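Colleague: Before we discuss this model, I should like each term to be justified by its cut-offs. May I put my questions in turn?

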Amino acid sequence: MYNQAQNGLFKGMNPRMTQVSILMVLITLVMGSLFNETSARGIEAARSWLDPFLEWYYVLLVAFLLFFMIWLGTGRYKKVRLGRDWERPEFTFFAWISMLFAAGTGVGILFWSVAQPIMQLGDNPFVLPGTPEGDAAVVAMRLSFFHWGVNGWAIFSFVALTMAYFSYRHDLPLTVRSVLYPILGERVRGPLGDLVDLLAVFGTVFGIATTLGLGVQQMNAGLHQVFALENSTTLQLTVIAVIMFIATASVVSGVSRGVRMLSEMNFWLSIAAVLFMLLLGPTQYLIGVTIEATGDYIQSLIRMTFHTNVTQGDSWQSDWTVFFWGWWLAWSPFVGMFIARISRGRSFGEFVMGVLLVPTIITIVWIGLFGGTALYQELFGAGGVVAAVQNDVSTALFVTVEGMELGVFTPIISTLLIVLIGTYLITSANAGTLVINTILSGGDEDPPSAHRILWGIFLALLTAVLLIAGGLDTLQSAVITAAMPFSVVVICMIIGLLKALSDERFAPRHGELSPSPAEPWAITDDIEKVTEEAEQKAEEKALKEAAEKEAERLKALEAERHQQEGEDALLRR
């Protein structure tokens, strides 16, 4: 572990990093509490100053990460394993997917699955005047898929893969600074390494606070509609307190118990919600529009990936793409470390295909059903969703369910969605708390429980302050600003990973015979046989190297013993 204290108040933690992080949060809390209007204006001013640069910088960075991850998953290194060559995954595929999706986008996708398609219906640069409403709806769905699809998951998967690779294959602590070891060497253990991890903590804290704020606003809207509770800041603060209490209790119990069980419960509740929308909604339209929008998304992916909106002269790029790429980047240390923690033993190919494709497919289905239902109501039904979104974005999901006119099923589905939002908030909060403490403890995967509780309280307070300071706009601006410093670390991580991979034995070398690469979908007996033989050879090689090192150590000890005996004999004379 990096600079972990052995005793005292900060036992098990990096004292310097922990103190700086606590001070940073306390200053934010004081500024947000006592000078909330000034804080909101300051955050907005920082975002306005950065926007022109970020509109092309984030585009280039995310585009590179997407193609880089595809290359890692399908190229020469796809058989490299996140761990020793003979290791196998710790979690089943179902548990793995459940945890990474729940922690990755669960809360955000619930908030935006209806709001974004509706807001994009008549306000995006890809719809020309006079375009039929049906075609505009497909474009709105396509843009929603784009901001929640493979581009965003490329960010998460890259950070996760690099941390898992250096931790489980090179035996370095599970933290961001470890990825920079090929560049900084032993300096990662000093102040420079501390700075890298502090930037990760900074982005993580504000990323989690932003998502918790969005989710709490949406829960408030649902509670108001179903149970007629007041839509107020007081209720939102109460919900934050309850969520963080449960989340902190869960994270203290560890990943294998609390986090895994909550994630799997989220997954099953999500399936129930999806089936409700599919079977009780306009089924034929939902299937058709999802398929058509998916085809449109695939065809337009390259063009949208490099779109900067430079010729439009409006704020669309800043409001949407810059915000979402900033959100993904701010969350990447937290989600990346969490995914790394649950991905030990998987190969590059399996990891990349799983993290890029499976959550994207789930996201497409989710937005297709929930967003498609809202669009159907606007195009062919009584409408009302657009007006609701313009009045309060957080009400979009529940207004859509109410507009389905399902009678007694309406409160049942709404209640299910409230519970789902709550469990996703808990999952995101406890995973985030665990990750923050893992970083601050120097890479300890089981940080002290007292500090987990402390950071659960800090996250609750910070979320409350951001909500009081300015609501949704302030939350969005805060996450974009917080993501900028960490994006520089991401670029350094790319360089560090490439330097480390140059020494991998699966890289082509003259005079070395290795099994031919197999595509992820090509599973045959021959390939399995070759893979098993390669892994057996790797294990034998590792055991041989270990035996040689042990023999050298014993030989050195024997030589030292003989030398000591000689010295003792001389002294006796």
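**Cavity, salt bridges and surface patch**

Modeller: The second largest cavity encloses about 40 Å³ of space. The model is predicted, so local features need pLDDT of at least 70 and side-chain atom pairs pLDDT 80 or more, while totals for chains, interfaces and linings use all residues. Residues are numbered from 1 along each chain as its sequence is written, and side-chain values use heavy atoms, without hydrogens and water.

Colleague: What makes a space a cavity?

Modeller: On a 1 Å grid over the protein atoms alone, a cavity is a set of points where a 1.4 Å probe fits but cannot get out; lining residues have an atom within 4 Å of a point. The volume is the space filled by probe spheres set on the points, which are joined across faces, edges and corners. The structure holds 2 cavities of 30 Å³ or more.

Colleague: Which residues line the second largest cavity?

Modeller: They are Phe-126, Leu-143, Phe-146, Met-304, His-307, Trp-316, Gln-317 and Thr-321. Helix 12 (316-341) supplies the largest share, 3 residues. Helices here are DSSP runs (H or I, at least four residues), numbered from the N terminus.

Colleague: Why are Asp-194 and Arg-16 called a salt bridge?

Modeller: The term requires a side-chain nitrogen of Lys or Arg within 4 Å of a carboxyl oxygen of Asp or Glu. Their N to O distance is 2.6 Å, so the pair qualifies. Asp-194 in helix 8 and Arg-16 in helix 1 (residues 15-34) are 178 residues apart.

Colleague: Why is Asp-194 called buried, and Arg-16 partly exposed?

Modeller: Buried means under 20% relative accessible area, exposed over 50%, and partly exposed in between (1.4 Å probe, protein chains only). Asp-194 has 3% and is therefore buried, whereas Arg-16, at 44%, is partly exposed.

Colleague: What does the salt bridge of Arg-344 and Glu-87 tie together?

Modeller: The side chains meet at 2.9 Å, N to O. Arg-344 lies in the loop between helix 12 and helix 13 (348-380) and Glu-87 in the loop between helix 2 (36-74) and helix 3 (93-104), so the pair ties together parts 257 residues apart in sequence.

Colleague: How do you know that Ile-271 may belong to a nonpolar patch?

Modeller: Patch residues have over 30% relative accessible area and no salt bridge, and nonpolar side chains (Val, Leu, Ile, Met, Phe, Trp, Tyr) are joined within 5 Å. Ile-271, at 31%, therefore passes the area cut-off. Ile-271 lies in helix 10, which gives the most to the patch, with 5 residues.

How values were computed
Helices (H or I, at least four residues) and strands (E, at least two) are DSSP runs, numbered from the N terminus. On a 1 Å grid over the protein atoms alone, a cavity is a set of points where a 1.4 Å probe fits but cannot get out, and a pocket is an open set with protein on both sides within 12 Å along at least five of seven lines; lining residues have an atom within 4 Å of a point.
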